[in-house]
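Hi,

Here is the structure I promised to pass on. Have a look at it first, and then read on for what turned up.

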Amino acid sequence: MKKSIEIPDCDYTKEPVLVTPNGQTPNHTLYLSNIDGQRFLRFSIRYLYLYKRSVAPATLRASLSAVLQEYYPLAGRLRAVGGDSEKLELDCNGEGALFVEASSAISVDQFLDGSQRPNKSWRKLLYRLDSQNFISIPPLVIQVTHLRCGGMILCTALSHSLIDGIGTAQFLQAWAHITSKPYSSLPIHPFHGRNVLKPRIPLQITSAHSEFTSPALQQPASSLLDQFLRCEELVPVSVTFTPSQILQLKKLCIPSLKCTSFEALAAHVWRSWAVALDLPFSLRVKLLFSVNARNRLKPELPKGFYGNGFVLGCAESTVEELVGSNERRGVELVMEAKESVSDERVRSLIDLIEEKRGSPDLSASLVISQWSKLGLEELDFGEGRPLHMGSLASEIYCLFLPVVGDFNAFTVLMSVPEKVAEKFEQYLKV
């Protein structure tokens with residue numbers, strides 16, 4: 001595996017500041033949907049961007065203040081509803097986003113040479129708040145790190161309880177747009193309301209929602225796998241797939257099957273994961289992946305909606321069924337899970353969360369989050385597009401990351417137990 005760069009301690013020469021909207025904004029409480037409020041979303045989506053040339057911090061702060069005028073909820077603060085920690089709302093109080101400046105002794109070229117896989121030292125590139133309470137952290141935290149060669153690393157953390165991947169791309173593109181073209185209007189204006197995702201009265205749970213299977217129903221092997229994944233030392237694995245390699249994956253489906261690049265790659269990663277972990281053939285395993293529900297709802301979510309507008313697609317299989325044949329069966333399962341996401345299924349999920357406050361069953365599951373195809377790698381603040389765009393950290397869930405300069409390529413990044421990492425990487429490679 002290619003070595004990952006170790007980041008030295010950053011030099012913080014200035015105190016962190018709160019950047020507030022540059023004008024009067026509405027002061028009210030924003031309702032957050034049951035999808036927003038799910039416990040497994042109580043973390044920040046953390047992006048890392050590397051640029052050849054720095055943008056003046058004063059310019060970035062001014063444009064951030066301007067874009068927060070439009071995206072004013074990101075300058076607010078999360079809070080529990082009436083003391084119920086299971087439900088969240090947003091106080092749109094204009095308190096501001098946290099903006100931090102730092103410098104580092106590394107260069108752009110040094111970072112690029114070791115940028116394939118994040119390691120724990122990369123966390124130094126995003127200011128760490130002392131609070132142990134996720135709710136008290138500002139929904140938007142930004143660190144700009146100036147490099148000794150004149151380049152910069154921009155790290156952003158956006159609260160997943162308030163915004164999803166599509167929403168983060170929409171916001172960051174708006175910020176970059178205002179920075180590079182300060183006198184132009186936004187191409188997409190944000191839609192803040194979440195009332196369209198309120199539960200029904202009375203509640204109507206009409207689907208099985210296998211992604212939320214109770215842990216009480218776990219097989220003993222599932223529990224052992226869960227313990228193994230959580231107790232072992234995890235190391236990141238990163239593999240990039242070119243468009244020709246994706247096409248090669250599709251050709252492994254015999255007889256041939258018309259599918260998307262995501263469907264083919266997701267099935268391949270799921271299959272490789274099961275084989276590398278040497279799971280018992282009788283074990284039932286799941287693949288959970290984000291499905292954009294915006295256009296599947298009736299009526300569709302309004303244009304500019306940036307809240308959590310996705311649900312988890314759930315493909316389920318025995319290990320024997322998944323790995324005992326060619327790639328086709330896995331792809332079929334992914335396609336069926338994706339196709340099952342309908343308006344009624346989303347409404348049923350919202351009602352289920354209202355009644356049971358469940359969480360996804362992760363005991364024998366691989367989770368994939370799709371960051372590619374969102375335009376995240378095209379963020380230009382006026383000094384050119386990034387040389388690298390990716391995640392600040394590698395986690396136990398799998399990320400499909402964009403590849404700078406190749407819209408149709410994917411980088412797969414996830415952490416697995418150290419003893420199976422090399423095997424997993426080999427199975428991934430086409």
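Before the sheet makes sense, you need one term: two strands pair if DSSP finds at least two bridges between them. Also keep in mind that this is a predicted model.

Let's start with strands E9 and E15. E15 covers residues 406–417, and the two strands pair in the antiparallel sense over eight bridges. Two of the partnerships are easy to look up: Val-237 has Met-414 in E15 as its bridge partner, while Ser-238 has Leu-413. E9 is also mostly covered, with six of its eight residues buried.

Now zoom out to the whole sheet. It is an open one with six strands, in the order E9-E15-E14-E12-E10-E11, and the pairing is mixed. Which strands sit at the edges? They are E9 (234–241) and E11 (310–318), each of which pairs on one side only. From one strand to the next, the twist averages 25°.

Two helices pack on this sheet. Helix H8 (residues 328–339) touches E10 (284–292) and E11, and its direction makes about 145° with that of E11. Helix H10 (residues 418–428) touches E9 and E15, with its direction at about 155° to that of E15.

Next, the nonpolar cores. In soluble globular proteins, nonpolar side chains tend to be buried together. Here the largest nonpolar core has 61 residues, and the members that touch the most others are Trp-273 and Phe-400. Helix H6 (residues 261–276) gives the largest share of this core, ten residues. Apart from that core lies another one, of 49 residues, including Leu-32, Val-67, Leu-68 and Ile-178.

What does Phe-400 contact, leaving aside its neighbours within four places in sequence? Among its contacts are Phe-262, Leu-265, Ala-266 and Val-269, along with Ile-368, Trp-371, Phe-410 and Val-412.

Trp-371 comes back when you look at the aromatic rings. The structure holds twelve aromatic pairs. In one of them, the ring centres of Tyr-47 and Trp-371 are 4.7 Å apart and the planes are at 80°, so this pair counts as edge-to-face. Tyr-47 is in strand E3 (residues 44–51), whereas Trp-371 is in the loop between E12 (365–370) and E13 (388–391), so the pair ties together parts that are 324 residues apart in sequence. Both Tyr-47 and Trp-371 are buried. There is an aromatic cluster to find too, formed by Tyr-49, Tyr-51, Trp-175 and Phe-381.

Last, the cysteines. How many disulfides does a search of the whole structure find? Zero. For Cys-155, the nearest cysteine sulfur is that of Cys-10, 8.7 Å away. A disulfide needs the two sulfur atoms within 2.5 Å, so Cys-155 is in no disulfide. Cys-155 is buried, with a relative accessible area of 0%. Cys-398 is in no disulfide either, and its nearest cysteine sulfur, that of Cys-314, is 16 Å away. Cys-398 is buried as well, with a relative accessible area of 0%.

Enjoy exploring!

How values were computed
Residues are numbered from 1 along each chain as its sequence is written. This is a predicted model: local features need pLDDT of at least 70, side-chain atom pairs count only at pLDDT 80 or more; totals for chains, interfaces and linings use all residues. Side-chain values use heavy atoms; hydrogens and water are left out. A nonpolar core is a set of buried Ala, Val, Leu, Ile, Met, Phe, Trp, Tyr and Cys residues joined through side-chain atoms within 4.5 Å. Buried means under 20% relative accessible area, exposed over 50%, partly exposed in between (1.4 Å probe, protein chains only). Helices (H or I, at least four residues) and strands (E, at least two) are DSSP runs, numbered from the N terminus. Contact means heavy atoms within 4.5 Å. Axes are lines fitted to C-alpha atoms, for helices over the stretch in contact, and angles run from 0 to 180 degrees between N-to-C directions. Rings of Phe, Tyr and Trp (its six-membered ring) pair if their centres lie within 6.5 Å; planes under 30 degrees apart count as stacked, over 60 as edge-to-face and the rest as tilted.
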